[in-house]
Amino acid sequence: FNLQLWNNYFHLAVAFITQDSLQLENFSHAKYNKIQNKYGDMRRLIGFAIRDMWYKLGQNKICFIPGMVGPILEMTLIPEVELRKATIPIFFDMMLCEYQRTGEFKKFENEIILKLDHEVEGGRGDEHYMQLFESILTECASQYPGIFNLVESFVNLVKGLLEKLLDYRTVMNDESKDNRMSCTVNLL
């Protein structure tokens with residue numbers, strides 16, 4: 001097992017699908033349709049490949065926790081529904097992997113909270129992501145009664161944090177400075 005090779009693979013793949021030139025939702029409708037018809041959404045193909053390769057790591061997955069949490073989060077925040085549905089379950093697998101090794105998933109939890117703050121501040125994330133994150137992780141955890149309560153608590157923590165971060169981002173983009181300060185105080 002060559003850790004550096006796998007690490008390079010994952011980082012390169014995530015860098016590919018998160019590059020600005022592939023963020024189709026930022027293009028005009030005509031350009032979006034032209035690219036979709038000619039090439040399809042390459043982000044989805046690479047995202048599925050990342051997912052498949054993750055599950056092929058077997059017992060070596062633990063070597064990538066918490067290091068790959070940030071890149072996987074960045075990938076799941078791309079506003080493409082099928083990509084999100086396919087890749088958010090990787091988070092549960094990370095939690096399960098760490099839980100089976102240590103009896104908790106604190107490294108994963110700390111890393112995702114830290115990275116989520118950075119990503120939302122950078123303009124990524126939305127209400128739909130929050131709902132998908134909650135439903136997918138809760139569904140995955142329902143098959144593991146021993147870890148379900150921990151996952152549910154974690155999901156509620158992340159959901160609350162994401163709500164506040166999205167509210168804060170909305171407030172910071174508000175034109176009214178008086179309203180902005182009032183809302184910021186309320187969020188804090």
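Gln100 comes out exposed in this predicted model, since its relative accessible area of 59% is over the 50% cut-off. The residue sits in helix 6. Leu57 is 43 residues away from Gln100 along the chain, and the two C-alpha atoms are separated by 16 Å.

The rest of helix 6 gives some context for that exposed position. The helix runs over residues 89-102, and its 14 residues should span 20 Å at 1.5 Å a residue; the end C-alpha atoms are indeed 20 Å apart, so expectation and model agree. Of those 14 residues, 10 are buried, which means that helix 6 is largely enclosed by the rest of the structure. The buried set consists of Pro89, Ile90, Phe91, Phe92, Asp93, Met94, Met95, Leu96, Cys97 and Glu98. These residues pack against quite a list of partners: helix 3 (42-56), helix 4 (69-76), helix 5 (81-87), helix 7 (106-121), helix 8 (127-141) and helix 9 (145-172). Just after helix 6 comes Gly103, with a positive phi of about 85°.

Asp93 is a charged-looking name on that buried list, so what does its side chain make a polar contact with? The partner is the side chain of Lys61, at 2.7 Å. Asp93 belongs to helix 6 and counts as buried because its relative accessibility is 14%, under the 20% cut-off. Leaving aside residues up to four places away in sequence, Asp93 touches Trp54, Tyr55 and Lys61.

Phe91, also in the buried part of helix 6, leads on to the hydrophobic side of the story. The largest nonpolar core has 47 residues, and those with the most contacts inside it are Phe91, Met94, Phe108, Leu137 and Phe154. Two or more residues of this core come from each of helix 1, helix 3, helix 4, helix 6, helix 7, helix 8 and helix 9. With residues up to four places away in sequence again left out, Phe91 touches Val69, Ile72, Leu73, Thr76, Phe108, Ile112, Tyr129, Phe133 and Leu137.

Aromatic pairs come next, and the count is 14. In one of them, the ring centres of Trp54 and Phe64 are 6.4 Å apart with the planes at 70°, so the pair is edge-to-face. It links distant parts of the chain, 10 residues apart: Trp54 is in helix 3, while Phe64 is in the loop between helix 3 and helix 4. Both partners are buried, Trp54 with a relative accessible area of 1% and Phe64 with 2%. Phe108 and Phe154 form a tilted pair, 5.6 Å centre to centre with 55° between the planes. Because Phe108 lies in helix 7 and Phe154 in helix 9, this pair ties together parts that are 46 residues apart in sequence. Phe108 is buried at a relative accessible area of 0%, and Phe154 is buried at 1%. Trp54 and Phe64 also turn up in one aromatic cluster with Phe1, Trp6, Tyr9 and Phe10.

Over in helix 1 (residues 3-18) there is Thr18. A polar atom of the Thr18 side chain lies 2.7 Å from the backbone oxygen of Val14. Beyond its neighbours up to four places away in sequence, Thr18 touches Gln23, Glu74, Met75 and Ile78.

As for annotation, an unreviewed UniProt entry lists residues 1-136 as "domain: Dedicator of cytokinesis TPR repeats region". Over that range the chain is 71% helix and 0% strand, and the end C-alpha atoms are 30 Å apart.

Key:
Residues numbered from 1 in each chain as written. Predicted model: local features only at pLDDT ≥ 70, side-chain atom pairs only at ≥ 80, totals over all residues. Heavy atoms only, no water. Helix = DSSP H or I, 4+ residues; strand = E, 2+ residues; numbered from the N terminus. Expected span 1.5 Å × (residues − 1). Buried < 20%, exposed > 50% of the residue type's maximum accessible area, 1.4 Å probe, protein only. Contact = heavy atoms within 4.5 Å. Polar contact = N/O pair within 3.5 Å; in protein donor to acceptor, adjacent residues only side chain to side chain. Core = buried A, V, L, I, M, F, W, Y, C linked by side-chain atoms within 4.5 Å. UniProt positions renumbered as here; feature names shortened; annotations may be inferred. Phe/Tyr/Trp six-rings, centres within 6.5 Å; stacked < 30°, edge-to-face > 60°.
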